[in-house]
Amino acid sequence: MSRIAVVPGSFDPVTLGHIDVIARAADLYDTLHVVVVHNPSKSALIPVDDRVALIERAIAAAGLSGNIEVSKWSEGLLVEYCSQVGAKVVIKGIRNQADVTYETPMALVNRNLAGIETLFMLPEPGHAYVSSSLVRQVAALKGDVRPYVPHIVADYLNTAR
Ligand code: PNS
């Protein structure tokens, strides 16, 4: 049986913490689907197709293997996407207690809706304070985002200025 997992998120933008969790998860599963979940009614800094492209390029630059697929999803529940790709597991990075509080209701809803289990994974401690919202703030105020995001993302944010 092929083991398939999903790493979902807004990835606005993808950070080094995300890439760390993606790398760890890809080691454990035959196929890992990284999905940019896009809420069309919510405004984002980076267009969804650019977010997908940035993740693809960051994964390639990190030398990660060919078992990772990157896509976008805006058509409904995450569990519907999971069923479409045949995944029974969602993986989320957990940095601190606030993440546990935020993620737990979503994990329980996904299990109640469709029996999808959520596994929480710890990133490298060096990435524990990095978040997409912090990166967006630093970028908006013209600070240096290179310590927090893949090179390709830093270049993208610098060019967008
Ligand atoms: O990176 P984020 O913003 O913390 O990711 C949250 C996300 C997009 C994974 C979550 O909001 C989600 O799964 N949305 C899809 C809609 C859905 O299935 N909602 C019900 C269960 S959470």
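This is a short talk about a ligand site and a few backbone features in one structure.

Before anything else, I should say that what you have in front of you is a predicted model, and I will keep to what was computed from its atoms.

Let me begin with the ligand. The residues that surround the ligand are Pro8, Gly9, Ser10, Val37, Leu77, Leu78, Lys92, Tyr102, Met106, Val109 and Asn110. If we sort that shell by residue class, we get 7 nonpolar residues, 3 polar ones and 1 charged one. As for where the shell comes from, strand β1, which covers residues 4–9, and helix α4, which covers residues 97–114, each contribute at least two residues. Which element gives the most to the shell? That is α4, with 4 residues.

Now to the polar contacts, which I will take one by one. A polar side-chain atom of Ser10 sits 2.5 Å from an oxygen atom of the ligand. For Leu78, the atom concerned is a backbone N or O, and the distance to a ligand oxygen is 2.8 Å. For Tyr102, we are back to a polar side-chain atom, this time 3.1 Å from an oxygen of the ligand. The protein covers 72% of the 530 Å² of accessible area that the ligand has on its own. And for those of you who think in terms of pockets, the space that the ligand takes up is the largest pocket.

Let me stay with Leu78 for a moment, since it is part of the shell around the ligand. Leu78 belongs to helix α3, which runs over residues 78–85. Is Leu78 buried or exposed? Leu78 counts as buried, because its relative accessibility is 15%, and the cut-off for buried is under 20%. To place Leu78 in the fold, its C-alpha atom is 18 Å from that of Ala25, and these two residues are 53 apart along the chain.

In the same helix, α3, we also find Glu80. Glu80 has a relative accessibility of 40%, and therefore counts as partly exposed. The C-alpha atoms of Glu80 and Ala114 are separated by 8.5 Å, with their positions 34 residues apart along the chain.

I would now like to turn to the backbone, and to the loop between β1 and α1. As a reminder, most residues other than glycine have a negative phi, and most peptide bonds are trans. Phe11, which lies in that loop, has a positive phi of about 50° although it is not a glycine. Phe11 is also buried, because its relative accessible area is just 3%. What is the peptide bond from Asp12 to Pro13, cis or trans? The bond is cis, with omega near 5°. Pro13 is likewise found in the loop between β1 and α1, where α1 covers residues 16–28.

There is another positive phi to mention. Lys142 has a phi of about 65°, and it is not a glycine either. Lys142 sits in the loop between α5, residues 132–140, and α6, residues 151–159. In contrast to the buried Phe11, Lys142 counts as exposed, because its relative accessibility is 59%.

Finally, let me give two further residues that help with orientation. Ala5 is in strand β1, and it counts as buried because its relative accessibility is 0%. The C-alpha atoms of Ala5 and Asp155 are 30 Å apart, and the two residues are separated by 150 positions along the chain. Leu64, for its part, lies in the loop between α2, residues 48–61, and β3, residues 68–73. With a relative accessible area of 25%, Leu64 is partly exposed. From the C-alpha atom of Leu64 to that of Asp144, 80 residues away along the chain, the distance is 25 Å.

To close, I would come back to the site itself, where the ligand occupies the largest pocket and where Ser10, Leu78 and Tyr102 each place an atom by a ligand oxygen at the distances I gave.

Note on methods. Residues numbered from 1 in each chain as written. Predicted model: local features only at pLDDT ≥ 70, side-chain atom pairs only at ≥ 80, totals over all residues. Heavy atoms only, no water. Near = heavy atom within 4 Å. Polar contact = N/O pair within 3.5 Å; in protein donor to acceptor, adjacent residues only side chain to side chain. Areas by Shrake-Rupley, 256 points an atom, 1.4 Å probe, with all protein chains shown as cover. 1 Å grid on protein atoms, 1.4 Å probe; cavity = no way out; pocket = protein on both sides within 12 Å on 5 of 7 lines; lining within 4 Å. Sits in = over half its atoms within 2 Å of the grid points. Nonpolar A, V, L, I, M, F, W, Y, C, P; charged D, E, K, R; others polar. Buried < 20%, exposed > 50% of the residue type's maximum accessible area, 1.4 Å probe, protein only.
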